[in-house]
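Reader: Could you take me through one part of this protein up close? I'd love to hear how a pair of helices meets, and then what surrounds the meeting point.

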Amino acid sequence: MVKICCIGGGYVGGPTMAVIAYKCPSVVVTVVDISVQRITAWNSDQLPIYEPGLDDVVKQCKGKNLFFSTEVEKHVAEADIVFVSVNTPTKTQGLGAGKAADLTYWESSARMIADVSKSSKIVVEKSTVPVKTAEAIEKILTHNSKGIDFQILSNPEFLAEGTAINDLFVPDRVLIGGRETPGGRKAIKTLKDIYAQWVPEERIICTNLWSAELSKLAANAVLAQRISSINAMSALCEATGADVSQVSHAIGKDSRIGAKFLNASVGFGGSCFQKDILNLVYICECNGLSEVANYWKQVIEVNDYQKRRFVNRIVSSMFNTISGKRIAILGFSFKKDTGDTRETPAIDVCRGLLRDQAQLNIYDPQVPEQQIHKDLSMPKYNWNYPFHSVSMCPDDLKQVRVVSTAYEATKDAHGICILTEWDEFKSLNFQKIYDNMQKPAYVFDGRNVVNVEKLRQIGFIVYSIGKPLDPWLKDMPAVM
Ligand code: NAI
């Protein structure tokens, strides 16, 4: 019986291992984490992350062939395959601060694996890591290995939060990279046999280690680039009277382009896109490829511009002052169907509004109050972006009220900002909302979810990203 241990029970480790256990009843899977709080939650009925369909999968396997534990060393020692799915955030200080991936958690996991292992193991990189990380990991493992054979595989995860279970059940592809040696090939086959229990063989791609590591960074960079491309177009649409949804539909019909990931919005967020592009930029710089580094950096700069542009529109359309005005923030997570707020555009937009002295009523169906307060008061890493460099003083949080319904958030507000595309925002009773707001009442739709015409008939002044401007906004051009 194959024993798998996964170090790191977060957004990736938890769902991925739950699905492996579900699809492979003969494999015993144990997820270990140093966070007692997370493991306690996995062992309870209130899982630590919100992901549609996850509860069911976990319920069916937990206690049978899926276990969650804080006894990290014991389970690593017993495993045949060790997945490492720990966090790899952007470095906040030292060499490469603000760009390079911080591999502290990864390295300490590798050292621990080397320390506790008494039998041969396959060590799988599940976390997104810089290309060539496997080489460093191999050195750590073999240096301390007491003659034990370790094979390193790169098996980056392509799931997206909010659709993780479906992405894992029916993946577009599974990517496995390994050494091109007999030992490496054997290890690739062992992992491939696990995925092959539910993934069609033609969807399992086997490559060398470096291609697998780089493909994950490249995939995220290209996905984020599509969003920045359409967001850059949205600014031009507003300036010319074109409608970004029509443009996106028209270009997406081209089979060479395709329709996905072409929705204009207030900007991308999430724990991966920005961090992985920064990391790619850093790797390019380290290899003396400054033109390539600048090319990818621009994807992030457009994303920051888009958030700034959104705030500027709000301020300018409200007579250039939002001081003391109440603004309802609908949605705080970085996208719908997740409670994850890492790098959510809502943080930068709220900070921008708070700097102009607005009062905020924030509502999100999945993000707890405590998390919102933490996100708004935590200084971000120091990179040279105006939005990121500013840390909040706790006083600003007095201007923030977290509420439990969209109706409560919008009561007596001057304006509404929609920052996450939660389905429930599409079916709100906007007449009721309008009646309870200050006038003129504004809607700033950062996700293009509302029916603009209907809202204008009710009496709202509506700004939708990349759409022909409301006559009101035309008279009040924003400084971009
Ligand atoms: P996360 O922060 O949710 O989970 C990481 C977990 O690792 C935490 O619970 C932490 O306590 C644990 N951990 C850290 N050091 C440890 C150690 N030494 N021993 C045991 N546990 C330890 O992070 P998430 O989102 O799951 O991401 C993990 C990796 O997967 C990252 O490299 C990320 O870039 C990548 N990834 C994330 C995706 C996402 O949608 N979140 C998608 C694809 C890849």
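Author: Happy to! In this predicted model, let's begin where helix 6 (residues 133–143) meets helix 9 (residues 209–240): their axes come within 9 Å and cross at roughly 125°. Because angles over 145 degrees count as roughly antiparallel and 65 to 115 as roughly perpendicular, that crossing makes helix 6 oblique to helix 9. If you'd like to find the touching residues on your screen, look for Thr133, Ala134 and Glu135 on helix 6, and for Leu209, Trp210 and Glu213 on helix 9. Sorted by class, this contact has three nonpolar, one polar and two charged residues.

Now follow helix 6 to its other neighbours. Helix 6 also lies across strand 5 and strand 6, and its direction is at about 160° to that of strand 6. Those two strands, strand 5 (residues 121–125) and strand 6 (residues 150–154), run parallel and are joined by five bridges. To see one of these pairings, find isoleucine 122, whose bridge partner in strand 6 is glutamine 151.

Step back a little and the sheet comes into view. Strands 5 and 6 belong to an open sheet of eight strands with mixed pairing, in the order 3-2-1-4-5-6-7-8. Its edges are strand 3 (66–69) and strand 8 (204–208), each of which pairs on one side only. From one strand to its neighbour, the turn averages 25°, direction ignored.

There is another open sheet for you to look at, with six strands in parallel pairing and the order 11-10-9-12-13-14. Here the edge strands are strand 11 (400–402) and strand 14 (461–464), and the twist averages 15° from one strand to the next. Within this sheet, strand 9 (residues 326–330) and strand 12 (residues 415–418) run parallel, with four bridges between them; one pairing to look for is isoleucine 327 with glycine 415 of strand 12. A helix packs on this sheet too: helix 14 (residues 369–377) touches strand 10 (359–363) and strand 11, and its direction makes about 155° with that of strand 11.

Finally, a word on confidence. The mean pLDDT of the protein is 94, with 96% of residues reaching 70 or more. Do watch residues 381–390, though, where pLDDT stays under 50; the model has 33 contacts beyond four places in sequence for that stretch. Where pLDDT is low, predicted coordinates should not be read in detail.

Terms used:
Residues are numbered from 1 along each chain as its sequence is written. This is a predicted model: local features need pLDDT of at least 70, side-chain atom pairs count only at pLDDT 80 or more; totals for chains, interfaces and linings use all residues. Side-chain values use heavy atoms; hydrogens and water are left out. Axes are lines fitted to C-alpha atoms, for helices over the stretch in contact, and angles run from 0 to 180 degrees between N-to-C directions. Angles under 35 degrees count as roughly parallel, over 145 as roughly antiparallel, 65 to 115 as roughly perpendicular and the rest as oblique. Contact means heavy atoms within 4.5 Å. Ala, Val, Leu, Ile, Met, Phe, Trp, Tyr, Cys and Pro count as nonpolar, Asp, Glu, Lys and Arg as charged, and the others, Gly among them, as polar. pLDDT is the predictor's confidence in each residue, from 0 to 100. Two strands pair if DSSP finds at least two bridges between them.
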